[in-house]
Amino acid sequence: MTIGFLDSGIGGLTVLSEALRRLPANDYLYMADTLHVPYGTKPMEAVRAYVLEAVETMVATGIDALVIACNTATSIAVAELREKYSFPIVGMEPAVKPAVEMNRATGKRVLVFATPLTLQLPKYYGLVSRVDEEGIVDSLPLPELVGYCENLQFDRALMRDYFLGKLAGYDLNQYGIIVLGCTHYPFYRSILRQVLPAHIQIVDGNVGTIKRLTALMNRFGIAERHGNGSIKFMCTGGEEAYVDKMRSALSFYQELNMPSEL
């Protein structure tokens, strides 16, 4: 049983880490589309073509299920992928619904961090429109953050200043939850925790995604097909150095001991 994970770069490793914790007996194929990273600042049709091509390569390698471990790619391509392939396919979406439900009783607002493209797509507006009846959701694009993550820029002082600058115009006392709406962003959870007031919760969609994957695998009758717990890393650019970076980034993330809250 091989579960494929696709992202533009190392962000999807935060989702893979959750899968390894909850489904350790499966085999995994992780594909990073290094030829086109980042997705979140590129035109929608270009990203659609990149995702379809990368998935074709993964299918040829051999996968039994697929996680589109990228909110932007999910919004653009997951419906077409489900029409094209018969195996289980799970996508990502910002954890706006659970965040709104958690905040409803507090009277606090929700702030969603995401890439510019995710925030521009109809799927995101549709999601917010469905769940945000009281108009408590605000959105903040962070176009630079994926690049920082891809360059393994985790210097606490530098990144603390970055987040403080982005949040300078916000009264954080009004907010109860911040949603990490890109799979790269959980790498910065511990730094954000230092920046944000203690009352603000930080949530992402990683746990919910793996729970949906598990349920879908059960529905397809493939949940009991176990593997050896191996991980194969691939990238569209074929760079061995990037494969080494993915291994290191996954270990780094796991060592941070930052389990997802949602």
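This section describes helix packing, nonpolar cores and selected loop residues in a predicted model.

Packing between helices was examined for three pairs, two of which involve helix 1. Two packed helices are described by the angle between their axes and the distance between the axes. Helix 1, spanning residues 13-22, packs against helix 11 at an angle of about 65°, and the two axes are 10 Å apart. The crossing of this pair is right-handed. On the helix 1 side, the contact is formed by Leu13, Thr14, Leu16, Ser17 and Leu20, and on the helix 11 side by Met246, Ala249, Leu250, Tyr253 and Gln254. By class, seven of the residues in this contact are nonpolar and three are polar, with no charged residue present.

Helix 1 also packs against helix 10, which covers residues 206-219; here the axes come within 9 Å and cross at roughly 55°. Helix 1 is therefore oblique to helix 10. This crossing, too, is described as right-handed. Thr14, Val15, Glu18, Ala19 and Arg22 of helix 1 meet Asn206, Val207, Thr209, Ile210 and Lys211 of helix 10. The contact between helix 1 and helix 10 comprises four nonpolar, three polar and three charged residues. Thr14 takes part in the contact with helix 11 and also in that with helix 10.

The third pair consists of helix 4 (residues 96-103) and helix 6 (residues 122-131), which pack at an angle of about 25° with their axes 9 Å apart. Because angles under 35 degrees count as roughly parallel, helix 4 and helix 6 are roughly parallel to each other. Their crossing is right-handed. Helix 4 contributes Val96, Lys97 and Val100 to the contact, whereas helix 6 contributes Tyr124, Leu127, Val128 and Val131. Six of these contact residues are nonpolar and one is charged, while none is polar.

Helix 4 also contains Met102. This residue is partly exposed, with a relative accessible area of 32%. The C-alpha atom of Met102 lies 9.9 Å from that of Gln201, although the two residues are 99 positions apart along the chain.

Attention then turned to the nonpolar cores. In soluble globular proteins, nonpolar side chains tend to be buried together. In the model, the largest nonpolar core holds 58 residues, and Ile3, Phe5, Phe113, Phe163 and Met246 have the most contacts inside it. Helix 11 (residues 240-255) supplies six residues, the largest share of this core. Met246, one of the residues with the most contacts in the core, also belongs to the contact of helix 11 with helix 1. For Phe163, the contacts beyond neighbours within four places in sequence are with Leu142, Leu145, Tyr188, Ile191, Leu192 and Val195. A second core, separate from the largest one, has 26 residues, among them Met31, Ala73, Leu81 and Met234.

Several loop residues were also characterised. The loop between strand 2 (27-32) and helix 2 (44-61) contains His36. His36 has a relative accessible area of 16% and is buried, because buried means under 20% relative accessible area. With neighbours within four places in sequence set aside, His36 is in contact with Lys42 and Tyr50. Pro38 lies in the loop between strand 2 and helix 2 as well. The peptide bond joining Val37 and Pro38 is cis, with omega at about 0°.

Backbone geometry is also notable at Leu152, where phi is positive, at about 55°, although the residue is not a glycine. Most residues other than glycine have a negative phi, and most peptide bonds are trans. Leu152 is located in the loop between helix 7 (145-150) and helix 8 (156-166). With a relative accessibility of 37%, Leu152 counts as partly exposed.

A further loop, between helix 10 and strand 9 (231-235), contains Glu224. Glu224 counts as exposed, at 66% relative accessibility. The C-alpha to C-alpha distance between Glu224 and Pro88 is 14 Å, and the two residues are 136 residues apart in sequence.

How values were computed: Residues are numbered from 1 along each chain as its sequence is written. This is a predicted model: local features need pLDDT of at least 70, side-chain atom pairs count only at pLDDT 80 or more; totals for chains, interfaces and linings use all residues. Side-chain values use heavy atoms; hydrogens and water are left out. Axes are lines fitted to C-alpha atoms, for helices over the stretch in contact, and angles run from 0 to 180 degrees between N-to-C directions. Helices (H or I, at least four residues) and strands (E, at least two) are DSSP runs, numbered from the N terminus. Angles under 35 degrees count as roughly parallel, over 145 as roughly antiparallel, 65 to 115 as roughly perpendicular and the rest as oblique. A crossing is left-handed if the near helix is turned anticlockwise from the far one by less than a right angle, and right-handed if clockwise. Contact means heavy atoms within 4.5 Å. Ala, Val, Leu, Ile, Met, Phe, Trp, Tyr, Cys and Pro count as nonpolar, Asp, Glu, Lys and Arg as charged, and the others, Gly among them, as polar. A nonpolar core is a set of buried Ala, Val, Leu, Ile, Met, Phe, Trp, Tyr and Cys residues joined through side-chain atoms within 4.5 Å. Buried means under 20% relative accessible area, exposed over 50%, partly exposed in between (1.4 Å probe, protein chains only).
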